[in-house]
Amino acid sequence: MAKISINLLPPEIIALEIKKTKFYKIQFAGVAVILVLVFLASLTVALRILQSRNISEVQAKLSQTEQKVSDLKSTQASLLLLKNRLAVIDKYLGVPSKQSAVYELIDKLIPSTVAINAITIDKADEVVLLALVPDAGSLDRLVSNLTDKESNDGRIAQVSVESLNRGKDGFYRISFKIKSK
């Protein structure tokens with residue numbers, strides 16, 4: 001059986017009820033939109049406050065870290081200076097200078113009978129040697145030691161006699177200029 005409905009209300013009341021229903025629906029939708037906007041606004045404000053707190057904490061940590069780094073810069077500079085000084089000290093302690101090697105070579109080449117009056121070595125490793133030799137045999141041995149490549153290990157490039165004198169006492173006074181390799 002089909003449902004039959006009979007409406008006995010006047011059409012003005014029905015139109016008024018339809019308008020009221022539409023008004024309540026629109027009012028409900030408006031209130032819902034306002035509540036959603038208020039919720040989103042409060043959520044945004046809460047997130048902003050949380051983010052501001054996080055940013056301030058991170059900035060505080062950053063400033064502390066920057067302070068630590070700036071404190072360590074002076075330490076780094078001191079350590080670098082100390083490292084350079086230690087490297088220079090190691091360089092001088094570990095390796096004998098070329099001049100000391102030349103002194104040792106000349107000391108090895110000079111016979112025991114020869115007396116050294118003066119010896120100078122400049123930065124170009126040129127040696128000026130002033131010696132007092134008692135006899136001609138010692139003078140010959142001295143010259144041959146300085147000029148012989150085997151006895152001087154090939155470390156002397158050139159030997160020149162600057163002066164040679166024989167005194168009344170029979171001693172030879174000789175001046176050499178020696179260039180090392």
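**Burial, salt bridges and overall form in a predicted model**

Q: Why is Ser175 called buried?
A: Ser175 has a relative accessible area of 9%, and because buried means under 20% relative accessible area, exposed over 50% and partly exposed in between (1.4 Å probe, protein chains only), Ser175 counts as buried. This is a predicted model in which local features need pLDDT of at least 70 and side-chain atom pairs count only at pLDDT 80 or more, while totals for chains, interfaces and linings use all residues. Residues are numbered from 1 along each chain as its sequence is written, and side-chain values use heavy atoms, with hydrogens and water left out.

Q: What is Ser175 in contact with, leaving aside its neighbours within four places in sequence?
A: Taking contact to mean heavy atoms within 4.5 Å, Ser175 is in contact with Leu129, Leu130, Ser160, Val161, Glu162 and Ser163. Ser175 itself lies in strand 4, residues 172–180, where strands (E, at least two residues) and helices (H or I, at least four) are DSSP runs numbered from the N terminus.

Q: What makes Glu126 and Lys177 a salt bridge?
A: A salt bridge is a side-chain nitrogen of Lys or Arg within 4 Å of a carboxyl oxygen of Asp or Glu, and the closest N and O atoms of Glu126 and Lys177 are 3.9 Å apart, so the pair meets that definition. Glu126 lies in strand 2 (residues 126–133) and Lys177 in strand 4, so the pair ties together parts that are 51 residues apart in sequence.

Q: Why are Glu126 and Lys177 called partly exposed?
A: Glu126 has 23% relative accessibility and Lys177 has a relative accessible area of 31%, and because both values fall between the limits for buried and exposed, each residue counts as partly exposed.

Q: Which other side chains meet in a salt bridge with an N to O distance of 3.3 Å?
A: Those of Asp169 and Arg173 do, and Asp169, at 44% relative accessibility, counts as partly exposed, as does Arg173 at 35%. Elsewhere, salt bridges that share partners join Glu126, Lys177 and Lys179 into one network.

Q: How many helices and strands are there in the chain, and how do you know that the chain is more spread out than a compact globule?
A: There are three helices and four strands in the chain. The radius of gyration, taken over C-alpha atoms, is compared with a globule rule of 2.2 Å times the number of residues to the power 0.38; the chain's value is 53 Å, well over the 16 Å that the rule gives for 181 residues, so the chain is more spread out than a compact globule.
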